[in-house]
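User: Please take a close look at one part of this protein for me. Start with the whole, then zoom in on a single residue.

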Amino acid sequence: MKETWRWYGPLDQIQLSEIRQTGAAGIVTALHETPYGEVWKRNTIVERRNKIRTAGFEWDVVESLPLHEDIKRGTGDLSTLFANYRQSMANLAAEGIRIICYNFMPLLDWTRTNLKSPIDAGGTCLRFSAFRMAAFEICMLERKDAEKDYPPEAIERAYNWFAHATEEDKSELLNAIMAGLPGAYDRYDVEGLRYALKSYHGLSVDDLRANYRLFLNEVIPTAQELGIRLCVHPDDPPQNILGLPRIVSNSNDIAWIINAFPAQSNGLTLCSGSLGASPNNNVVEIAQRYADRIHFAHLRNVRKEPDGSFEEATHLDGDTDMTALCQVLLDEEKRRRQHLSGEWQIPYRPDHGHELLSDSERGTFPGYPLIGRLRGLAEIRGVIHALSA
Ligand code: DNO
């Protein structure tokens with residue numbers, strides 16, 4: 001498995017020279033400065049790729065080539081958006097970059113309610129708290145019907161939290177919920193989010209799936225021709241939020257996606273932390289079932305709580321058996337080596353990390369500190385080394 005590291009390009013506080021010291025061999029990045037829906041220009045790709053090469057790496061994976069919201073909503077000038085997406089893929093393939101991660105979460109990407117939840121041993125982690133999300137949806141956003149999505153205990157705690165919350169507490173919560181949106185994408189305030197949600201009003205699971213199928217029909221044939229492996233990132237958390245449907249949350253959803261356009265280019269980013277946040281998902285089984293479609297892996301772990309909350313654990317701790325998961329990925333690599341010609345390695349990256357030691361002084365993106373991720377990488381490296389012996 002090829003060790004990679006997510007780097008946010010010029011927006012990142014962490015330098016490529018520091019990443020070299022982690023021992024990671026490849027880079028995962030995106031042109032975060034390019035607005036969603038626009039073509040990734042070939043010269044901009046080359047410039048970024050050369051910078052990565054000069055530092056001693058390859059640009060192994062694009063994370064993400066994002067989809068404009070209109071594609072998910074099924075509105076607007078879709079033919080231009082699809083043409084732009086295909087052109088970006090062609091420009092990437094022309095420079096030898098062929099693994100592309102994206103997601104199909106409407107409006108928000110990954111969502112947490114606490115960006116710095118304290119850990120007993122010191123340091124902080126990302127956390128999703130059911131009652132804080134309920135407080136946001138019910139009391140701050142005042143979303144009609146939000147109460148239906150939460151258990152009574154969470155609702156009671158939500159009202160209680162809200163009654164005592166200061167303006168600063170509320171803005172910290174909003175900030176946490178918005179933190180998952182990378183790059184040059186809008187961060188909403190409460191009013192802006194209400195307005196954006198309206199544009200999704202009435203969108204059902206079937207509607208969202210129809211829009212997804214259209215996207216696959218429009219881009220997968222080109223990806224096949226270009227030798228590109230597209231890999232969808234699961235929903236995080238894997239459940240409907242803000243009243244919006246989510247359709248990449250479990251094994252059945254993944255089966256639907258693969259059957260919607262059966263081609264090798266239509267694949268999966270196996271994100272153990274995202275899938276692992278649902279009590280209904282067995283991540284090791286999911287990895288086994290779709291092993292041949294895993295083009296990229298995000299390895300991390302979460303610890304779930306009975307009310308639907310979860311906290312990011314260290315990479316080997318938490319509810320998913322990371323050793324068993326690495327074994328599945330290594331078995332799949334072995335199969336590819338024996339039966340396929342060409343690329344057999346599965347690139348993976350240590351996903352997220354606790355903020356440890358001097359991490360908090362760096363001002364890195366939430367979930368993406370240097371030392372916490374280095375710890376995760378080193379631990380997973382040890383597991384893979386032992387399993388490969
Ligand atoms: C979170 C990330 C996601 C991921 C996108 C892929 O840390 O794994 O934001 O990059 O969902 O499109």
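Analyst: Helices and strands here are DSSP runs: at least four residues for a helix, at least two for a strand, numbered from the N terminus. By that count, the protein has 14 helices and 12 strands. The radius of gyration is 20 Å, close to the 21 Å that the globule rule gives for 389 residues, so the protein is as compact as a globular protein of that length. Keep in mind that this is a predicted model.

Next, the overall frame. The C-alpha atoms fill a box of roughly 60 × 50 × 40 Å along the principal axes. Of the 389 residues, 58% are buried. Now take the contacts with a separation of 6 or more: 71% of them join residues 24 or more positions apart.

Then the surface and the charges. The accessible surface is about 16100 Å², and carbon and sulfur atoms hold 48% of it. There are 43 positive and 54 negative side chains. The centres of these two sets lie 5 Å apart.

Now zoom in on threonine 34. This residue sits in a loop. Strand E2 (26-29) lies on one side of that loop in sequence, and helix H2 (42-54) on the other. Is threonine 34 buried or exposed? Its relative accessibility is 15%. Buried means under 20%, so threonine 34 counts as buried. What does threonine 34 touch, leaving aside its neighbours within four places in sequence? The contacts are Val39 and Trp40.

Notes
Residues are numbered from 1 along each chain as its sequence is written. This is a predicted model: local features need pLDDT of at least 70, side-chain atom pairs count only at pLDDT 80 or more; totals for chains, interfaces and linings use all residues. Side-chain values use heavy atoms; hydrogens and water are left out. The radius of gyration is taken over C-alpha atoms; the globule rule is 2.2 Å times the number of residues to the power 0.38. Buried means under 20% relative accessible area, exposed over 50%, partly exposed in between (1.4 Å probe, protein chains only). Contact means heavy atoms within 4.5 Å. Accessible areas come from the Shrake-Rupley method with a 1.4 Å probe; for residues, only the protein chains shown count as cover. Lys and Arg count as positive and Asp and Glu as negative; His and the chain ends are not counted. The place of a charge is taken as NZ of Lys, CZ of Arg, CG of Asp or CD of Glu.
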